[in-house]
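Dear colleague,

I am passing a structure on to you, and I would be glad if you could look through it with the notes below beside you. They go through some of its strands step by step.

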Amino acid sequence: MSTLLPRRNQTVHLKYRSAQTTAELRKTLRQARYLQAGTQNTATPVFQNRQQRGDATTYGRISTSQDGRIWTKLPISYPHVQLSRPSVWYANGRLTLIDGQDRYWTTNFKDWQHQRLNFNGADFKQGRVQAVFPGTTRSAVVVVRGIDRQSSRAKLYYGQLTKTGRVKAWHALQLGKLPARQVAGMSLIDQHLYLFRQRGTQLAIYRANRLTRPVRLVGRVKLNHAQSQRVTAVNLIPTTKHRYRLIFDLTTAEKVQKQPRYRLLDRRFKAVGQQHLLVTDYLWSQFQISLRGSE
């Protein structure tokens, strides 16, 4: 199948290999505390939890977890198209993957629909989705990176995504001196928006108390890796009321993808204990983690 799909909606027919029923899959999604959408590189082999990226051929995958440490891939058929940075959204029995300017969704976990989205606002152009934050209704909040029409600089914008794939109003995130292109990941926890920026072996954590509020630096975490390694994806999830799990992956200067890692943080975003490897069914290349889906 070509990776370039036409703009009109269409059904993507795939072979269904899951041993679970539709009801069992829905139960898994309802009960999962965390959902993850990521990409898997199928072009090169994995050796000792490392993989040469090169010109990677990556496809979308979804995993679920109860504790944010052990993850299991959802056993369904996936859209057989190359994806680069997908986000997942599950609500009202519909499972949705959004990647860049494309949206894929299914209700039976074997037949996928596709829609090409047009994210251009009055203030920006060339918008591509960076993250999706599920809401409590049929809509979700999408964050896109677009080019400001006046300054020609990259900025981050957010808006409410409807079931038809439209956003009626866009708003710019107030990033201050944080460059939009250097945001390595973002998470939404209790309406607080967290953004991350790598500075050498440290990861700077920024927070906005609401999407409408400006972001400010709230912490720096030292990661145990070489100066030349790059953090390619990072998310923050709550483990208890006063603790967080910082999940990230690394790529070496030789473009070798390493197994995802995590560090526990306290309420002041200070590292607690040692750095650990994440337990996953496959090597995550890019990923976005969201809290429990809604039914």
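How many bridges pair strand β12 (residues 140-148) with β13, and in which sense, parallel or antiparallel? Please keep in mind, while you look, that this is a predicted model. The two strands pair over eight bridges, and the sense is antiparallel; within this pairing, V143 has Y158 of β13 as its bridge partner. Between the strands of this hairpin there are five residues, and S152 takes a positive phi near 65°.

Strand β13 also pairs with strand β14 (residues 171-172), again in the antiparallel sense, through two bridges, and here Y157 is found opposite A172 of β14. Strand β13 covers residues 154-161, and because six of its eight residues are buried, that is, under 20% relative accessible area, the rest of the structure largely encloses this strand.

As general background, the strands of a sheet are held in pairs by backbone hydrogen bonds, and they may run parallel or antiparallel.

Elsewhere in the model there is an open sheet of four strands, in the order β6-β5-β2-β24, whose pairing is antiparallel. Its edge strands, each of which pairs on one side only, are β6 (72-73) and β24 (287-291). Within this sheet, strand β2 (residues 34-41) is joined to strand β5 (residues 58-65) by eight bridges in the antiparallel sense, and if you look for G38, you will find R61 of β5 standing opposite.

With best wishes

Note on methods
Residues are numbered from 1 along each chain as its sequence is written. This is a predicted model: local features need pLDDT of at least 70, side-chain atom pairs count only at pLDDT 80 or more; totals for chains, interfaces and linings use all residues. Side-chain values use heavy atoms; hydrogens and water are left out. Two strands pair if DSSP finds at least two bridges between them. Buried means under 20% relative accessible area, exposed over 50%, partly exposed in between (1.4 Å probe, protein chains only).
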